[in-house]
Amino acid sequence: MQVTFLGTGGAVPTTRRNTSGLLLRRDGERLLFDCGEGTQRQMMRFSTGFTVSHVFLTHLHGDHVLGLPGLCQTLDFNDREEPLAIHTPPGTRSTVENLVGVTGARLGYPIRVSDAQPGGVVLRKNEYEVRAFATDHRTQSVGYALIEDDRKGRFDREHAEELGVPEGPKFSRLHRGETVELDDDTVIEPEQVVGPPRPGRRIVYTGDTRPTGATVEAATDADLLVHEATFADDRAERAAQTGHSTAIQAAELANRAGAKRLALTHISSRYAGDASQLDREAREIAECEAFVAEDGQAIDVPYPGAE
């Protein structure tokens, strides 16, 4: 699993930071979170590819959605035929449909827009789900958490051989949780050779928000928390007024959630030339790895406990 930061800036883009966008790649599938102006160019610039299957919008402020019409048109120019699913906060579906169709062009592929209800499962796949959670901004807004299913426990091949299990199909059956019988009528149970289930990965993307308990709950033990940090601590009052967070608040929230890594995004243009103050303030507070994300930065998200 890999995350690429397409846009890490706030409402006003700068030469260094584009407006909001994050692309997540998992086993060949591409999921896009927010789509600010210029997102499609960032996708070309950072070679992420355009084969996006789902777009998750946190809210409809322009710096999070104005790239959507252009991206949809580009997908059409590339002869896309597969449906594109767009998930958006409750009550904003018709606005997104109008935004996609603003040029009046008829796309050659279907677009399906659906409401993302806080606390609900927005997308369910074989090995993971994406859940929406409530955030606190100045408009209807949600965040998203991608949560993988638990993985099978480790198969103890050496112990299985000691028990007399022959290499081959019986190994696979035991790992699938099935009981097997040996030639001498000995019954081997899966728990004798398979360890406990291992947790999958959890990635949380907040969009714009004040710190909230719902975010803490969604980000509990997260492998990566991508939290907005629009301002430094000396602008905490401004952050509260505008529905944003400071770097320190994001770090404190990550601590409460027990997140393993914290990426700060949505950096105000006030820090266009130097975001080191935000980076420093977060690092001084955070009990995990914390950093200010940069446009084009790609980070791998390993499984918990991976060596």
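Is Ser-141 buried or exposed? The points below answer this and then take up other parts of what is a predicted model.

1. Ser-141 counts as buried, because its relative accessibility is 8% and the cut-off for that class is under 20%. In the chain, Ser-141 is placed in the loop that runs between strand S8 (128-134) and S9. Its side chain makes a polar contact, at 2.7 Å, with the side chain of Thr-135. When neighbours within four places in sequence are left aside, the residues in contact with Ser-141 are Thr-58, His-59, Pro-89, Thr-135, Asp-136 and Asp-208.

2. Asp-208, just named as a contact of Ser-141, also belongs to an annotated group. An unreviewed UniProt entry carries the annotation "binding site" for Asp-63, His-64, Asp-208 and His-266. These residues span 204 residues in sequence, but no two of their C-alpha atoms are more than 10.5 Å apart, so they gather at one spot. Of the annotated residues, His-64, Asp-208 and His-266 are included in the lining of the largest cavity.

3. His-64 is part of helix H2 (residues 62-65), and this residue is buried, with a relative accessible area of 0%. Not counting residues up to four places away in sequence, His-64 touches Ser-20, Asp-34, Cys-35, Gly-36, Leu-57, Thr-58, His-59, Asp-208 and His-266. Among these partners, Asp-208 and His-266 are also covered by the "binding site" annotation in the UniProt record.

4. His-266 lies in a loop, between strand S14 (261-265) and helix H10 (276-285), and is likewise buried, with a relative accessible area of 4%. Its contacts, leaving aside neighbours within four places in sequence, include Asp-63, His-64 and Asp-208, which the UniProt record lists with His-266 under "binding site". Other residues in contact with His-266 include Thr-8, Gly-9, Gly-10, Ala-11 and Ser-20, as well as Glu-228, Ala-229, Thr-230 and His-244.

5. Turning to charged pairs, a search of the whole structure finds 18 salt bridges. One of the residues involved is Arg-124, which forms a salt bridge with Asp-149, the closest N and O atoms being 2.7 Å apart. This pair links distant parts of the chain, since Arg-124 is in strand S7 (residues 121-124) while Asp-149 is in the loop between strand S9 (142-148) and helix H5 (157-162), 25 residues apart. Arg-124 counts as partly exposed at 44% relative accessibility, and Asp-149 is partly exposed as well, with a relative accessible area of 28%.

6. Arg-124 also meets Glu-129 in a salt bridge between their side chains, at 3.3 Å from N to O. The side chain of Glu-129 in turn meets that of Arg-131 in a salt bridge at 3.2 Å, N to O. Glu-129 counts as buried, at 16% relative accessibility, whereas Arg-131, at 28%, counts as partly exposed. What joins Arg-26, Asp-27, Glu-127, Glu-148 and Arg-201 into one network? The answer is salt bridges that share partners.

7. As for the overall layout, the protein is divided into domain 1 (2-151 + 199-300) and domain 2 (157-192). The C-alpha centres of domain 1 and domain 2 lie 45 Å apart.

Notes. Residues numbered from 1 in each chain as written. Predicted model: local features only at pLDDT ≥ 70, side-chain atom pairs only at ≥ 80, totals over all residues. Heavy atoms only, no water. UniProt positions renumbered as here; feature names shortened; annotations may be inferred. 1 Å grid on protein atoms, 1.4 Å probe; cavity = no way out; pocket = protein on both sides within 12 Å on 5 of 7 lines; lining within 4 Å. Helix = DSSP H or I, 4+ residues; strand = E, 2+ residues; numbered from the N terminus. Buried < 20%, exposed > 50% of the residue type's maximum accessible area, 1.4 Å probe, protein only. Contact = heavy atoms within 4.5 Å. Salt bridge = Lys/Arg side-chain N within 4 Å of Asp/Glu carboxyl O. Domains from an automatic or database assignment. Polar contact = N/O pair within 3.5 Å; in protein donor to acceptor, adjacent residues only side chain to side chain.
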